[in-house]
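Reader: I'm used to gels and assays, not models. Could you walk me through how to read one?

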Amino acid sequence: MQNITGTSDIFGEALEKFVFVENTARDYFSSLGFEEIRTPIIEYQEVFTKSLGDVSDIVMHQMYSFEDKDGSQVVLRPEGTAPAVRFYIKNLQYSKPRSKIFYIGPMFRREKPQKGRYRQFHQIGCEIFGFGSGESDSYLIYIADSFLKKLGVESIALVNSIGCRVCRPRYIEQLREYTYSKDLCPDCVRRREKNPLRVLDCKIDAEKLNDAPAISDYWCEDCKYNFDKVCKYLSDFSVKFRHETKLVRGLDYYTGLVFEFYHKDDMKSAILAGGRYDFLVEFMGGKPTPACGFAMGIERLINFIQMPSRAPRGGVFIAYTEDTREFAFWLFRSMKESKDLLRQKKVIDEKYVRIVEEFTKGRLEINLDPSRGLKSQFRQADSEGYKFIFIIGMEEVSGKFISVRDLEKSEQFQISLQDFRTFLQ
Ligand code: HAM
């Protein structure tokens with residue numbers, strides 16, 4: 001049986017990277033005062049149709065939607081901003097109008113699967129409510145940049161402003177006029193009437209629109225002032241960025257600043273993207289509240305992450321033969337139940353200290369298949385990264401000692417059972 005196209009089972013090295021990115025994000029964004037939220041994976045469809053815009057790619061083609069048994073239209077969430085706004089309106093707008101929140105979780109878009117574009121993917125997103133200043137714009141881009149640096153990902157940010165309610169309408173008229181001279185795809189013919197900005201990020205028509213007018217030529221004084229201020233801050237913060245005049249982003253809720261981060265060696269798919277959405281809270285039924293945020297795709301990020309070299313070896317694995325299993329299990333149970341006894345016991349030999357530390361503070365495991373040969377048990381302990389193997393054969397039981405193989409130092413030695421018992425309760 002196959003998994004659904006555009007979805008994947010995450011395991012092994014990829015999972016290690018996922019966990020590393022998620023843990024780093026949790027630590028980093030919490031340290032900046034962001035609070036984590038987990039919104040449901042299914043939402044009413046209107047949460048997205050209203051906010052993302054009905055000529056956005058997501059709403060037109062990519063939502064997994066179905067009718068629930070009560071007749072309501074439900075979708076698998078395609079992104080995290082609209083649910084975060086729904087959450088803010090219900091839970092925070094009065095009690096904590098200035099809030100910073102972050103989320104980590106799966107999103108679903110029925111995209112044409114290709115490298116870096118999946119139908120189930122995972123985002124880490126940050127949203128800031130209640131701040132409308134250029135300082136908050138700059139802060140947002142700065143923390144995105146410094147998070148990527150923390151992960152060792154070398155990136156460049158493309159930034160633009162799509163103007164405000166004062167200057168954008170004039171630009172949109174000019175852009176619509178311009179598109180009439182172009183032979184556009186059927187979707188863009190619809191977009192031209194409903195929201196010509198969307199035409200600029202159409203993957204089919206992009207080439208034909210190289211000479212489209214640029215929004216920056218239509219900015220009002222405030223938008224220009226704000227954008228210049230953000231650029232000045234970004235230079236001061238040593239963020240690598242470039243003004244990209246055609247950057248508009250694919251979702252309707254944006255206004256003012258928008259940005260996308262790319263890995264320096266791959267300008268094809270953004271690893272992180274976001275912007276300001278000052279009217280979305282009001283539009284979804286809340287009090288007027290300025291807001292901005294970003295989200296990054298974990299699948300895209302992990303392509304550029306080098307994990308720190310393998311974790312050091314640790315723990316004790318007990319290997320035994322069919323004849324010695326009862327003794328081995330007695331030893332396993334005694335070791336499992338013994339706590340950190342090092343401080344209470346008189347240390348006989350330095351080698352005991354190293355071993356006892358491994359199983360009281362780290363892992364302790366025993367072979368579960370008595371019919372397996374010792375060699376196969378050794379291989380398991382080695383590949384699973386244990387530091388010591390306790391070998392219990394007939395010779396060990398009758399001689400009242402344990403053979404210890406140190407996989408880190410590649411050496412083997414014996415410890416007396418009588419001495420070792422002083423560490424067991
Ligand atoms: P977005 O640009 O649609 O924006 O997605 C943000 C990031 O999610 C992308 O830059 C990319 O890394 C990742 N991503 C998107 N679609 C896929 C896919 N099909 N496969 C793999 N990765 C993908 C948003 O979602 C906005 N909610 C961002 C935002 C937050 N704006 C303000 N706050």
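Author: Let's go feature by feature, starting with the overall layout and ending with some single residues. One thing to keep in mind throughout is that this is a predicted model.

Reader: Fine. Which residues belong to domain 1 and which to domain 2?

Author: A domain may be built from separate stretches of a chain, and that's the case for domain 1, which takes in 12–167 + 219–302. Domain 2 runs over 316–424. Going by C-alpha atoms, the centres of domain 1 and domain 2 sit 51 Å apart.

Reader: Now the ligand. Which residues come nearest to the ligand?

Author: Start with the shell, then pick out the nearest members. Here 25 residues surround the ligand, and Glu-79, Thr-81, Glu-111, Glu-127 and Tyr-254 come nearest.

Reader: What sort of residues make up that shell, nonpolar, polar or charged?

Author: It's a mix: 12 are nonpolar, six are polar and seven are charged.

Reader: And which strands each supply at least two residues of the shell?

Author: Strand E6 (120–129), strand E10 (272–276) and strand E11 (291–297) do. E11 gives the largest share, with four residues.

Reader: How do I read the polar contacts? What lies 2.6 Å from a nitrogen atom of the ligand?

Author: Look for N or O atoms on both sides, and check whether the protein atom belongs to a side chain or to the backbone. An N or O atom in the side chain of Glu-79 is 2.6 Å from a ligand nitrogen. The side chain of Tyr-254 also has an N or O atom 2.6 Å from a nitrogen atom of the ligand. With Ala-270 the backbone is involved: one of its N or O atoms lies 3.0 Å from a ligand oxygen.

Reader: How much of the ligand's accessible area does the protein cover?

Author: On its own the ligand has 660 Å² of accessible area, and the protein covers 96% of that.

Reader: Let's try burial. Is Ala-157 buried or exposed?

Author: You read that from the relative accessible area, where under 20% counts as buried. Ala-157 is buried because its value is 0%. This alanine is part of strand E7 (residues 155–161). Beyond its sequence neighbours up to four places away, Ala-157 touches Lys-240, Phe-241, Arg-242, Glu-260 and Phe-261. The ligand's backbone partner Ala-270 is 113 residues from Ala-157 along the chain, yet their C-alpha atoms are separated by 9.4 Å.

Reader: Does distance in sequence tell me anything in other cases? How far apart in space are Ile-298 and Ser-72?

Author: Take sequence and space as two separate readings. Ile-298 and Ser-72 are 226 residues apart in sequence, and 31 Å apart C-alpha to C-alpha. Ile-298 is found in helix H10 (residues 298–302), and it counts as buried because its relative accessibility is 0%. Setting aside neighbours up to four places away, its contacts include Phe-18, Val-21, Ile-104 and His-122.

Reader: What about a buried residue in a loop? Where does Cys-185 lie?

Author: Cys-185 is in the loop between helix H6 (168–179) and helix H7 (186–194). With a relative accessible area of 9%, Cys-185 is buried. Leaving out neighbours within four places, Cys-185 is in contact with Cys-202, Ile-204 and Asp-205.

Reader: Last one, backbone angles. What is phi of Arg-249 near?

Author: Most residues other than glycine have a negative phi. Arg-249 isn't a glycine, and its phi is positive, near 70 degrees. Arg-249 sits in the loop between strand E8 (241–243) and strand E9 (257–263), and it is buried, at 13% relative accessible area.

Reader: And Ser-410, is it buried or exposed?

Author: Ser-410 is exposed because its relative accessible area is 66%. Ser-410 also has a positive phi, about 50 degrees, although it is not a glycine. You'll find Ser-410 in the loop between strand E15 (401–406) and strand E16 (411–416). Lys-409 is in the loop between E15 and E16 too, and it counts as partly exposed, at 47% relative accessibility.

Methods: Residues numbered from 1 in each chain as written. Predicted model: local features only at pLDDT ≥ 70, side-chain atom pairs only at ≥ 80, totals over all residues. Heavy atoms only, no water. Domains from an automatic or database assignment. Buried < 20%, exposed > 50% of the residue type's maximum accessible area, 1.4 Å probe, protein only. Contact = heavy atoms within 4.5 Å. Near = heavy atom within 4 Å. Polar contact = N/O pair within 3.5 Å; in protein donor to acceptor, adjacent residues only side chain to side chain. Areas by Shrake-Rupley, 256 points an atom, 1.4 Å probe, with all protein chains shown as cover. Nonpolar A, V, L, I, M, F, W, Y, C, P; charged D, E, K, R; others polar.
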